[in-house]
Amino acid sequence: MDGGVGRLIRIGQWLNGDGFLDFEHAFVLVDDDHLVEAQPGGAELRPASVYRDHPMLWSTGIVPLTDEQRGAVVAAALGYQGVPYSFADYAALAAHRFHLPVGPLIKGYVASTKHMICSQLVDQCYHDAGVRLFRDGRWSGYVTPADLANRLTGRVS
């Protein structure tokens with residue numbers, strides 16, 4: 001992501017131990033021409049062409065899905081349109097990473113507000129379809145764009 005939001009996300013990922021990777025955004029492709037993504041103004045359906053000039057990783061062939069699961073991921077993504085975004089989610093990620101005693105309180109707050117950053121939205125859509133992207137049993141709120149990139153490149157399972 002370009003601009004100030006992209007820089008803030010990169011800093012948040014660095015604080016969470018992900019370094020300064022080139023992947024600071026995630027979305028669900030819902031058809032050949034559209035995607036659903038979390039944005040600071042809320043999750044929205046957008047043309048896929050907005051990212052045509054950006055490097056991307058795709059889950060196709062890496063995360064095996066049945067047609068039913070793929071449809072459920074898309075349905076979940078479309079259902080999350082309008083879900084708010086919050087930088088408090090980055091505080092929950094940092095508290096979890098650093099094992100801070102306030103971590104469970106922040107996690108509870110984030111879970112209760114139902115807002116999501118982009119990577120949480122992607123992981124939650126897969127989870128709603130019965131697909132776990134990570135084998136470590138993590139809560140969908142503890143997923144960064146770098147975690148998804150690492151999953152797709154085989155650095156984590």
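On a 1 Å grid over the protein atoms alone, a pocket is an open set of points where a 1.4 Å probe fits, with protein on both sides within 12 Å along at least five of seven lines, and its lining residues have an atom within 4 Å of a point. Keep in mind that this is a predicted model, where local features need pLDDT of at least 70, side-chain atom pairs count only at pLDDT 80 or more, and totals for chains, interfaces and linings use all residues. Residues are numbered from 1 along each chain as its sequence is written, and side-chain values use heavy atoms, leaving out hydrogens and water.

Start with the largest pocket. Its lining runs to 34 residues, with Phe27, Leu57, Trp58, Ser59 and Leu152 nearest the centre. Two or more lining residues come from each of β1 (28-31), α2 (67-79), α5 (118-128) and α6 (145-152), and α6 gives the most, with five. By class, this lining has 23 nonpolar, four polar and seven charged residues.

Now move to the second largest pocket. Here 15 residues form the lining, and Ala111, Lys114, Met116, Gln124 and Trp139 sit nearest the centre. Both α4 (103-113) and α5 supply at least two of them, the largest share being the three from α5. The class split for this lining is five nonpolar, six polar and four charged.

What about the cysteines? Cys118 counts as buried (under 20% relative accessible area, 1.4 Å probe, protein chains only) because its relative accessibility is 1%. Cys125, at 0%, counts as buried too. As for disulfides (pairs of cysteine sulfur atoms within 2.5 Å), the count is zero.

Definitions and conventions:
Buried means under 20% relative accessible area, exposed over 50%, partly exposed in between (1.4 Å probe, protein chains only). Helices (H or I, at least four residues) and strands (E, at least two) are DSSP runs, numbered from the N terminus. Ala, Val, Leu, Ile, Met, Phe, Trp, Tyr, Cys and Pro count as nonpolar, Asp, Glu, Lys and Arg as charged, and the others, Gly among them, as polar.
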